[in-house]
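Got the viewer open and the selection box ready? Load the model below and we'll walk through it stop by stop.

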Amino acid sequence: MAPPTSIAVLPFLDLSAQQDQAYFCEGTTEEIINALTRVEGLLVTSRTSSFYFKGQNLPLQEIGEALNVASILEGSIRFADNQIRLTAQLIDVATDQHLFSEVFDRPLQDIFALQDEISLLIADRLREHFGHLEIADQLFVAPPVPVAVYQEYLEARYRILNMNPADLEAGLAATLELIDRYPQFTQAYLAAHLAYTIQGTIGYLPAADAFRKGQHYLDQAVQQAPDLPECQLQLSHIAFLQHWDLRAAYQHLQRLKASRPLTEYFQSMASLLVAEGQFSAAMNYIEEGLQLDPFSNINFHLKGFIHYCQENYNPAIRCFRRSLELNPHFIGSRLYLGQALILDGKPQQALAYFEALEEDPNDLLRHGGITLAKAALGERRAAESGMEKIIKATTVEGLAERALNFLILVQTALGDTASAIGTMKKAVSARFPMVVYFFVEPLLQSLREEVEFEEARLKIIGTRTVYKAPKKYQQSLFTPKALEDHRQQLLQLMDTEHPFLNPKLTLRELAQRLGLSANQLSQLLNESIGKNFAAFVNTYRLAAFKAKAADPHLHHYSILGLALESGFNSKTVFNAYFKKRMGLTPSAYCKSIGRK
């Protein structure tokens with residue numbers, strides 16, 4: 001069952017006459033997603049999974065079930081001259097009920113304010129219908145550039161995310177040109193880093209060269225705006241994988257979460273925790289990550305890796321296969337799928353798997369995997385022959401880390417403990433990032449009793465005292481006495497002034513009448529009344545309807561007329577709520593009380 005305060009924002013459709021504003025529509029969608037992630041307690045599906053359904057004409061209920069969300073926002077944008085018309089509908093997945101449907105006509109220059117307005121409206125409606133959420137006064141932070149420049153940035157990033165060679169090259173060129181014109185535009189540096197990362201990962205550029213070029217732009221972004229969530233994420237990676245400072249890595253991630261939790265936050269927390277051997281906590285984080293991003297191959301890979309480190313090889317294999325279904329080229333899942341097969345007692349199957357991979361002259365995956373499988377099969381001569389190429393690769397830039405990793409695995413599989421410890425020392429001395437996972441690697445289990453192996457673990461990982469689980473509950477905004485006083489004031493207002501008769505009543509409006517903030521009223525309803533805003537108000541509307549239905553002086557009113565007079569704003573909402581609460585239809589109820 002989907003968590004009640006969960007939402008997916010589907011890509012806004014481009015209804016412009018020229019159909020040339022997809023970049024703007026998708027950029028606006030992503031900004032709304034990012035803004036909503038600032039609402040504490042709201043689960044927002046990531047861009048990756050929301051955009052998975054782009055161009056698929058599927059029923060919203062089917063999409064909602066696939067993403068495991070309670071509500072979906074969909075919409076469209078139309079450009080005319082320098083004006084935009086943005087249409088947005090927020091839909092309850094379970095009932096197909098529209099929680100709101102609005103049309104916004106604005107000058108293009110007002111797009112930043114509009115994104116904030118829509119994000120706040122969505123958060124308010126979700127809070128009213130599904131439960132308490134703490135919502136700030138502003139959710140969208142406008143970038144420090146003119147709207148026209150922002151449009152150029154969105155178009156460049158859109159092309160980068162298309163991930164084909166021509167678009168990547170064009171998007172990167174446009175981003176670098178933006179950096180020349182606006183050197184303080186931090187998001188442009190992050191987009192350039194993203195472009196180089198994609199080029200190196202996919203293989204459009206030599207990985208080492210691409211990552212080195214991209215690092216320059218990431219460094220510039222971090223220097224300009226270290227508090228940006230994206231920058232705090234990168235700083236946590238640097239602290240963890242380069243400096244082996246887990247405490248600092250956790251601190252960066254907590255700063256990230258306090259600002260705006262990216263999906264990568266959960267992935268990074270899981271990665272840190274699994275390196276410490278805290279597998280249950282790591283699994284909790286990756287399950288949260290999967291809730292937000294159920295079509296992320298990285299999430300499935302990390303879930304598989306946690307199972308793998310716990311020696312649960314069957315579920316690990318299933319997760320690695322799912323990761324590869326979503327991204328067939330992801331080298332991490334390719335590697336660990338083969339290793340999991342070996343540890344699951346299927347070395348012959350692992351050998352066949354590695355042999356079926358394509359040979360890549362810039363990587364050792366196929367050759368290293370075959371050599372490791374041969375060692376696991378006890379074919380010592382073949383494994384030693386395979387190690388010759390691996391040993392040579394330890395001196396090749398870009399291959400050295402993978403080569404040392406395979407070398408220690410093969411040496412351990414052959415029972416050559418002294419050589420394996422020597423190889424580990426070389427990897428530690430070179431400060432290769434993969435070293436942090438040696439100490440939870442099941443293939444290296446036989447090394448865990450070695451003094452030098454334990455000394456290396458303590459040097460790199462330390463004792464497992466860094467991480468502390470965060471508190472789940474925040475302090476109440478009220479003292480017990482204040483909570484009761486405000487509850488009585490609320491009930492008196494409802495009984496005497498009947499604000500529920502206004503079909504457009506919002507939580508913010510009711511809060512103003514009580515002299516409270518919207519966050520305070522939301523928590524008051526949640527803690528003292530035990531209902532969300534919509535359920536609370538509709539309880540009064542239902543009582544009003546029943547009283548009117550029983551009044552013989554109002555028998556000339558239709559059932560729908562009575563419902564509208566009682567404050568309900570539509571027939572659909574009224575019928576659904578009435579049947580849910582009363583267990584029968586409004587017409588059946590009216591017959592039961594003798595209303596003709």
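We'll need one definition up front: on a 1 Å grid over the protein atoms alone, a pocket is an open set of points with protein on both sides within 12 Å along at least five of seven lines, where a 1.4 Å probe fits, and lining residues have an atom within 4 Å of a point. Two housekeeping notes as well. This is a predicted model, where local features need pLDDT of at least 70, side-chain atom pairs count only at pLDDT 80 or more, and totals for chains, interfaces and linings use all residues. Residues are numbered from 1 along each chain as its sequence is written, and side-chain values use heavy atoms, with hydrogens and water left out.

**Stop 1: the second largest pocket.** Select D92, Q97, L99, H129 and A534, which lie nearest its centre among 45 lining residues. Its volume is about 1200 Å³ (the space filled by probe spheres set on the points, with grid points joined across faces, edges and corners). Now colour α25 (533–550): with seven residues, α25 gives the largest share of the lining. Helices here are DSSP runs of H or I, at least four residues, and strands are runs of E, at least two, numbered from the N terminus. Colour the lining by class and you get 20 nonpolar, 15 polar and 10 charged residues. In that scheme Ala, Val, Leu, Ile, Met, Phe, Trp, Tyr, Cys and Pro are nonpolar, Asp, Glu, Lys and Arg are charged, and the others, Gly among them, are polar.

**Stop 2: the hairpin.** β6 (97–107) also supplies at least two lining residues, so to speak of its partner, select β5 (83–92). The two strands pair antiparallel over 10 bridges (pairing takes at least two DSSP bridges). A88 has E102 as its bridge partner in β6. Four residues sit between the strands, and D96 in that turn has a positive phi of about 60°.

**Stop 3: E30.** Buried or exposed? E30, in helix α1 (22–36), is buried at 15% relative accessible area; buried means under 20%, exposed over 50% and partly exposed in between, with a 1.4 Å probe and protein chains only. Beyond neighbours within four places in sequence, E30 contacts R47, R157 and L161, a contact being heavy atoms within 4.5 Å.

**Stop 4: zoom out.** The chain has 28 helices and six strands, and its C-alpha atoms fill a box of roughly 100 × 50 × 45 Å along the principal axes. Of its 596 residues, 53% are buried.
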